[in-house]
Amino acid sequence: MGWIGETMDSIKSIQIRQLLTQAVSLGMIVTSALIIWKALMCITGSESPVVVVLSGSMEPGFKRGDILFLHMSKDPIRAGEIVVFNVDGREIPIVHRVIKVHERQDGEVDILTKGDNNYGDDRLLYAQGQLWLQRHHIMGRAVGFLPYVGWVTIIMTEKPIIKYILIGALGLLVITSKD
């Protein structure tokens, strides 16, 4: 019968109490992950403390699939820093380098960005009619990275069937676990 037969027998023999225990365990794992994420948000001051580089616009510094760790402080943003920003009308944040900072007399700061591997600045990426980013567009500054680890996220986003297979396999593992 093999592995599949043993798995089916295991599922059939599950009792309600064991099923509830597994469901509570799964809930605690999910809750723990959310608590860790919220704690990282508080510590880093960034709404998204970890992001995945999705394009090659920052090569050779950061490659597609690298994970960036972000921090957002009250310090002024300076040219040369790598920032992650949101643009009105776009869902996905962008990782690029600050190339110009214009400090206005009212204390506000205008920021212009560019991808290291791009020919021109990012004004074409900004919302229509927008020439500069303001501080509220900036999600965080890159303070570290892990190369290639983000490929898991990219693959699951580009090939949703893999995500569903993985979730299904993990769910089956939790249900059939004897512990």
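I started at Tyr148, which sits in the loop between strand 6 (138-146) and helix 3. For helices and strands I went with DSSP runs, counted from the N terminus: H or I over at least four residues for a helix, E over at least two for a strand.

Before going on, a note on what I'm looking at: this is a predicted model, where local features need pLDDT of at least 70, side-chain atom pairs count only at pLDDT 80 or more, and totals for chains, interfaces and linings use all residues. Numbering runs from 1 along each chain as its sequence is written, and side-chain values use heavy atoms, with hydrogens and water left out.

**Backbone oddities.** Tyr148 isn't a glycine, yet its phi is positive, about 65°. I also looked up the peptide bond from Glu59 to Pro60: it is cis, with omega near 10°. Pro60 belongs to the loop between strand 1 and strand 2 (67-71).

**Nonpolar patch.** Tyr148 turned up again here, joined by Trp151, Ile155, Ile161, Ile162 and Ile165 in a surface patch with about 590 Å² of accessible area together. Patch members have over 30% relative accessible area and no salt bridge; nonpolar side chains (Val, Leu, Ile, Met, Phe, Trp, Tyr) are joined within 5 Å, like charges within 9 Å. Areas are Shrake-Rupley with a 1.4 Å probe, and for residues only the protein chains shown count as cover. Helix 3 (151-158) and helix 4 (160-176) each supply at least two of the residues, and helix 4 gives the most, with 3.

**Pockets.** The largest one comes to about 340 Å³. Of its 17 lining residues, I found Leu54, Ile92, Pro93, Ile94 and Val95 closest to the centre. Strand 1 (50-52) and strand 4 (94-103) are the elements that give two or more residues to that lining. The second largest pocket is about 290 Å³, and Trp37 and Thr153 line it. A pocket here is an open set of points on a 1 Å grid over the protein atoms alone, where a 1.4 Å probe fits and protein lies on both sides within 12 Å along at least five of seven lines; lining residues have an atom within 4 Å of a point. Points are joined across faces, edges and corners, and the volume is the space filled by probe spheres set on them.

**Salt bridges.** I count a side-chain nitrogen of Lys or Arg within 4 Å of a carboxyl oxygen of Asp or Glu, and that gives 6. Glu103 pairs with Arg78, closest N and O atoms 2.7 Å apart. This pair links distant parts of the chain, 25 residues apart: Glu103 in strand 4, Arg78 in the loop between strand 2 and strand 3 (82-85).
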